[in-house]
Amino acid sequence: MKVNKLYSKTVHVSEITPEQRESMFEVFSKYYENSCFNTFCLDLNSKDSVFLLMDKRQNKIRGFSTIVNLTYVSQRGKVHRGVFSGDTIIEKEYWGQGTLGVAFLKYLFIEKLKRPFSPLYWYLISKGFKTYLLMANNFDEHWPRHEVKTPEYQQEILNGFSTIMYPEYFDRASGLIKFEGCSKDSLKFGVAPITEKLKSSNKRVDFFDRVNPNWQKGDELCCLAVMTLSMPLKYQLKIIKKSYKKISISYKQRLLSLFGVSNISRD
């Protein structure tokens, strides 16, 4: 069955209707254990805005991501701006469309333009490798990462944002948010699993699994990325390149089928 395209709508939390909250929770509870509607709404109320991912034909919510604007003042008195993305979920049938990535990048770009010469950070926590890869695959400057240890300066900012958002649960030693002793949602078993084959073929997934071994139980890895003015262009070029590759492979397959060849290598 062909899946409909998604579009994104940015809504302030105060503008979300009761019906939309119920629809968001319906999607959320499909993929997370220990989910409670009241707890979900309380957490939602602590956010600033939400990206609603809507089915174009049915105009139904198929996913969402929450946003909080942050400010951290270091011990040296320097002000650091950040954008925190909270709960992010998309129904599995719609994975890979890139709608959320475009919407979030647009939001970051607008925030960056407000103070173009001041650093802007994306702060996120991840209990699933797909969220981590969304950052690692698209942002040149991101931490933590398997290639190099997080620099002291960036680690201070990362710790600062983590302490602001989760003062009771942030563990500096591991760089994780650990919701020990509290009933916290976690990914249902089998949702975005990490296999040995996946780890052996992707160093970033392997790294995520090593530094956050209890991700399946709800532990969140604290992450930081730097937004630049050139990011939208790089991201668009990446999408164009990916689309061209798909078209090229499809064309070669059709061409070779004329000669009785059914499959070709994607390498």
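Q: Is Arg62 buried or exposed?
A: Keep in mind that this is a predicted model. The relative accessible area of Arg62 comes out at 11%, and the cut-off for buried is under 20%. So Arg62 counts as buried.

Q: Which residue meets Arg62 in a salt bridge with an N to O distance of 3.7 Å?
A: Arg62 sits in strand β4 (residues 61-73), and its partner is in the loop between β5 (79-90) and α3 (99-114), 29 residues apart. That partner has a relative accessible area of 3%, so it is buried. The side chain that meets Arg62 belongs to Glu91.

Q: Which residues are linked with Arg62 and Glu91 in a network of salt bridges?
A: The Arg62 and Glu91 side chains already meet in a salt bridge. The network they belong to takes in two further names, one a lysine and one an aspartate. Those residues are Lys30 and Asp55.

Q: How many residues apart in sequence are Glu156 and Arg76?
A: These two form a salt bridge, with the closest N and O atoms 2.8 Å apart. Glu156 lies in helix α5 (residues 152-165), while Arg76 is in the loop between β4 and β5. The pair therefore ties together parts of the chain whose separation in sequence is 80 residues.

Q: Is Arg76 buried or exposed?
A: Arg76 pairs with Glu156 in a salt bridge. Its relative accessible area is 61%, and exposed means over 50%. So Arg76 is exposed.

Q: In the salt bridge of Lys47 with Asp43, how far apart are the closest N and O atoms?
A: Lys47 is buried, with a relative accessible area of 6%. Asp43 is partly exposed, at 30%. A salt bridge needs the nitrogen within 4 Å of a carboxyl oxygen, and here the closest N and O atoms are apart by 3.0 Å.

Q: How many salt bridges does a search of the whole structure find?
A: The ones discussed above include Lys47 with Asp43 and Glu156 with Arg76. Arg62 with Glu91 is another of the pairs. For the whole structure, the search gives a total of 12.

Q: Why is the ring pair of Trp122 and Phe139 called tilted?
A: The two ring centres are 5.2 Å apart, and rings pair if their centres lie within 6.5 Å. Planes under 30 degrees apart would be stacked and over 60 edge-to-face, with the rest tilted. The Trp122 and Phe139 pair is tilted because its planes are at 50°.

Q: Where in the chain is Phe139, the partner of Trp122?
A: Trp122 is buried, with a relative accessible area of 2%, and Phe139 is buried too, at 5%. Trp122 belongs to strand β6 (residues 120-126), and the pair links distant parts of the chain, 17 residues apart. Phe139 is in the loop between α4 (129-136) and β7 (142-143).

Q: Which residues do ring pairs link into a cluster?
A: A search of the whole structure turns up 17 aromatic pairs. Ring pairs join a set of Tyr and Phe residues into a cluster. The members are Tyr72, Phe84, Tyr123, Phe161, Tyr166, Tyr169 and Phe179.

Q: Which residues form a positive surface patch together with Lys5?
A: Lys5 lies in the segment before β1 (6-12). With a relative accessible area of 58%, Lys5 is exposed. Its companions in the patch are Lys2, Lys56 and Arg57.

Conventions
Residues are numbered from 1 along each chain as its sequence is written. This is a predicted model: local features need pLDDT of at least 70, side-chain atom pairs count only at pLDDT 80 or more; totals for chains, interfaces and linings use all residues. Side-chain values use heavy atoms; hydrogens and water are left out. Patches are made of residues with over 30% relative accessible area and no salt bridge: like charges are joined within 9 Å, nonpolar side chains (Val, Leu, Ile, Met, Phe, Trp, Tyr) within 5 Å. Accessible areas come from the Shrake-Rupley method with a 1.4 Å probe; for residues, only the protein chains shown count as cover. Lys and Arg count as positive and Asp and Glu as negative; His and the chain ends are not counted. The place of a charge is taken as NZ of Lys, CZ of Arg, CG of Asp or CD of Glu. Helices (H or I, at least four residues) and strands (E, at least two) are DSSP runs, numbered from the N terminus. Buried means under 20% relative accessible area, exposed over 50%, partly exposed in between (1.4 Å probe, protein chains only). Rings of Phe, Tyr and Trp (its six-membered ring) pair if their centres lie within 6.5 Å; planes under 30 degrees apart count as stacked, over 60 as edge-to-face and the rest as tilted.
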